[in-house]
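Biologist: I am new to this one. Please walk me through the reasoning behind the labels.

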Amino acid sequence: MRKPIIAGNWKMNKNMAETKALVAELAPLVKGADCDVVLCVPFTDLAVAKKAVKGTEIKIGAQNVHWKESGAYTGEISANMLKELKVDYVIIGHSERRQYFGETDETVNLRTQAALAARIKPIVCVGETEKEREDGLTEKVLYRQITEGLKGFKSKDFDKIVVAYEPVWAIGTGKTATAKDANETIGYIRSVLNKKFRGAGDKVRIQYGGSMKPSNCKELMAEEEIDGGLIGGASLKAGDFSQIVNYNK
Ligand code: PGA
């Protein structure tokens, strides 16, 4: 049995005061949830968020991590720095990082290695662009992102790694992949992971991401292959996010 995991990706939103307020509003609403609940917040909010979730079951994640331990990497944050803050999860290879900040399958691989070495659970994002989908390249792109991005990992690493399938054309656009399509594509990702990483596909948790919201979360979460969601816009409001977390209630 794979435990569902609903994670909020706050992106570059919320200052420290807003973080405190949002967590305070959210915590009672998601108490007793049947899934893992994670908030991936900006670096500057991590310490406040960790303090705010104390005594709750909410976990805190970052949105990026560098692979070097330390050194001349202006603007970067190492896995040990996150570990010091007791961060539980980290998003790696989000499509916005691939699109705007030169993230590649190779850097995704390095970052994932660093996270695991620091015992931080990576949420590794994959997904095709609209053009790639139109050109019939969805499976080819996903195959490359998975086999290159996760090259060298062992089957047991997938107890900790979470994969997020986020079709780029569905992120922040209001367009959602149909539940059936998302299920089928995630099934494909699972089959690749099973083949390439000795059975990892059956145990790895795979989220859907891209305009997931209260009105479509039930349908998406009812699909067999979908183990959770990575939620952008709808994670910024306690009411919306808690409805997604409580999709089965
Ligand atoms: P969205 O973002 O829910 O706003 O589409 C999802 C994501 O980018 O992780």
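Modeller: A crossing is right-handed if the near helix is turned clockwise from the far one by less than a right angle. Helix 1 passes helix 11 in such a right-handed crossing. Keep in mind that this is a predicted model.

Biologist: Why are helix 1 and helix 11 called roughly parallel?

Modeller: Their axes cross at roughly 30°. Angles under 35 degrees count as roughly parallel. Helix 1 and helix 11 therefore earn that label. The axes come within 9 Å.

Biologist: What makes the contact of helix 1 with helix 11, by class?

Modeller: There are 5 nonpolar, 1 polar and 1 charged residues.

Biologist: How do you know that Glu148 forms a salt bridge with Lys151?

Modeller: The cut-off is 4 Å between a side-chain nitrogen of Lys or Arg and a carboxyl oxygen of Asp or Glu. The closest N and O atoms of Glu148 and Lys151 are 3.4 Å apart. By this rule the count comes to 19 salt bridges.

Biologist: Why is Lys151 called exposed?

Modeller: Exposed means over 50% relative accessible area. Lys151 has 51%, so Lys151 is exposed. Glu148, at 36%, counts as partly exposed.

Biologist: Why does Arg190 count as buried?

Modeller: Buried means under 20%. Arg190 is at 4% relative accessibility, so Arg190 counts as buried.

Biologist: What does the salt bridge of Glu225 with Arg190 tie together?

Modeller: Glu225 lies in the loop between helix 10 and strand 8, and Arg190 in helix 8, so the pair ties together parts that are 35 residues apart in sequence. Shared partners join Arg2, Arg190, Glu225 and Asp227 into one network of salt bridges.

Notes: Residues numbered from 1 in each chain as written. Predicted model: local features only at pLDDT ≥ 70, side-chain atom pairs only at ≥ 80, totals over all residues. Heavy atoms only, no water. Axes fitted to C-alpha atoms, helices over the stretch in contact; angles between N-to-C directions. Helix = DSSP H or I, 4+ residues; strand = E, 2+ residues; numbered from the N terminus. Parallel < 35°, antiparallel > 145°, perpendicular 65-115°, else oblique. Nonpolar A, V, L, I, M, F, W, Y, C, P; charged D, E, K, R; others polar. Buried < 20%, exposed > 50% of the residue type's maximum accessible area, 1.4 Å probe, protein only.
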